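Welcome! Please take a moment with the sequence and the 3D view, and then read on for a short guided tour.

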Amino acid sequence: MTRLTRSMLAAILAVAAVGCTASRPPLAVVPKVDLPRFMGDWYVIANIPTRLEKDAHNAIESYRLAPDGTIATTFTFRAGAFDGPPKKYTPHGYVLDHESNAVWGMQFVWPVQADYRIVYLASDYSQTVIAREARDYVWIMARTPQIAADDYRRLLDLVAGLGYDVSRIRTVPQSWPASARAASNAGDGR
């Protein structure tokens, strides 16, 4: 097994780890996600990064409904700098709660599925927070590469209220020319 394969497997297993949540109430998810509207590009504004995401720049999580009902996911970023080497991962998402569409399994490698929960979604589908029951990783994402400072503080407060240690959250550097943002937002499912 190569060093890169071992590192990727370790990162995937860390994301999939259940963690101890017995002392915390279960995470409440949003009541309903309109999946077609949720599809498209989401800029990662901030996160508690997984091993794969450390030092990510221009990170984007893109979702597309596949014909079989799964969610084709493409996670892209530049490693270490805006001109760093491009990275791309293509896990598959699975809706686990079809009543709300807000609880997903995300599979990087078979048979491991990571727990993803949509705990916040703006009414206009412009911002979202994806959390995990274990409260180990979290993602604040938006349809635009930057959000207002007041919105960011409000989302950090929301994440803190879920039981996360917000001192672990890191902003993800985003720098895009206006033309790239417009092209990216054209496929955001709106």
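## Charged pairs out of sight

R135 and E133 are both buried. These two side chains form a salt bridge, with their closest N and O atoms 3.6 Å apart. They also belong to a wider group, since a network of salt bridges links D115, R117, E133 and R135. Please keep in mind throughout that this is a predicted model.

Another salt bridge joins R132 and D136, at 2.7 Å from N to O. R132 has a relative accessible area of 1%, so this residue is buried. Its partner D136 is buried as well, with a relative accessible area of 15%, because the cut-off for buried is under 20%.

## A salt bridge on a helix

The structure holds six salt bridges. One of them is formed by D151 and R154, whose closest N and O atoms are 3.4 Å apart. Both residues sit in helix α3 (residues 149-161), where a spacing of three residues is about one turn of the helix.

Are D151 and R154 buried or partly exposed? D151 has 24% relative accessibility and therefore counts as partly exposed. R154 is partly exposed too, with a relative accessible area of 36%.

## The overall layout

Now let us step back to the whole chain. It contains four helices and ten strands. Following the sequence, you will meet them in the order α-α-β-β-β-β-β-β-β-β-β-α-β-α. The chain has 190 residues, and 48% of them count as buried.

## Aromatic rings

A pair of aromatic rings is described by how far apart the centres are and by the angle of the planes. How many aromatic pairs does the count give? The count comes to nine aromatic pairs. Among them is the stacked pair of F77 and Y89, with 6.2 Å from centre to centre and 20 degrees between the planes. F77 belongs to strand β3 (residues 71-79) and Y89 to strand β4 (residues 86-89), so this pair ties together parts that are twelve residues apart in sequence. Both F77 and Y89 are buried.

Y116 and W139 make a pair with ring centres 5.1 Å apart and planes at 20 degrees, so this pair is stacked. It links distant parts of the chain, as Y116 lies in strand β7 (residues 112-121) and W139 in strand β9 (residues 138-142), 23 residues apart. Y116 and W139 are both buried. Elsewhere, F38, W42, Y63 and W104 come together as one aromatic cluster.

## Two loop residues with positive phi

Next come two residues with a particular backbone angle. D55 is not a glycine, yet its phi is positive, at about 65 degrees. You can find D55 in the loop between β1 and β2. With 61% relative accessibility, D55 counts as exposed, because exposed means over 50%.

Y125 also has a positive phi without being a glycine, with a value near 60 degrees. This residue is in the loop between β7 and β8 (127-131). Is Y125 buried or exposed? At 7% relative accessibility, Y125 counts as buried.

## A positive patch

To finish, turn to the surface. R51, K54, R168 and R170 form a positive surface patch. R51 lies in the loop that runs between β1 (40-48) and β2 (56-65), and D55 is found in the loop between β1 and β2 too.

Methods:
Residues numbered from 1 in each chain as written. Predicted model: local features only at pLDDT ≥ 70, side-chain atom pairs only at ≥ 80, totals over all residues. Heavy atoms only, no water. Patch = residues over 30% accessible without salt bridge, like charges linked within 9 Å, V, L, I, M, F, W, Y side chains within 5 Å. Areas by Shrake-Rupley, 256 points an atom, 1.4 Å probe, with all protein chains shown as cover. Salt bridge = Lys/Arg side-chain N within 4 Å of Asp/Glu carboxyl O. Lys, Arg positive; Asp, Glu negative; His and termini not counted. Charge placed at Lys NZ, Arg CZ, Asp CG, Glu CD. Phe/Tyr/Trp six-rings, centres within 6.5 Å; stacked < 30°, edge-to-face > 60°. Buried < 20%, exposed > 50% of the residue type's maximum accessible area, 1.4 Å probe, protein only.
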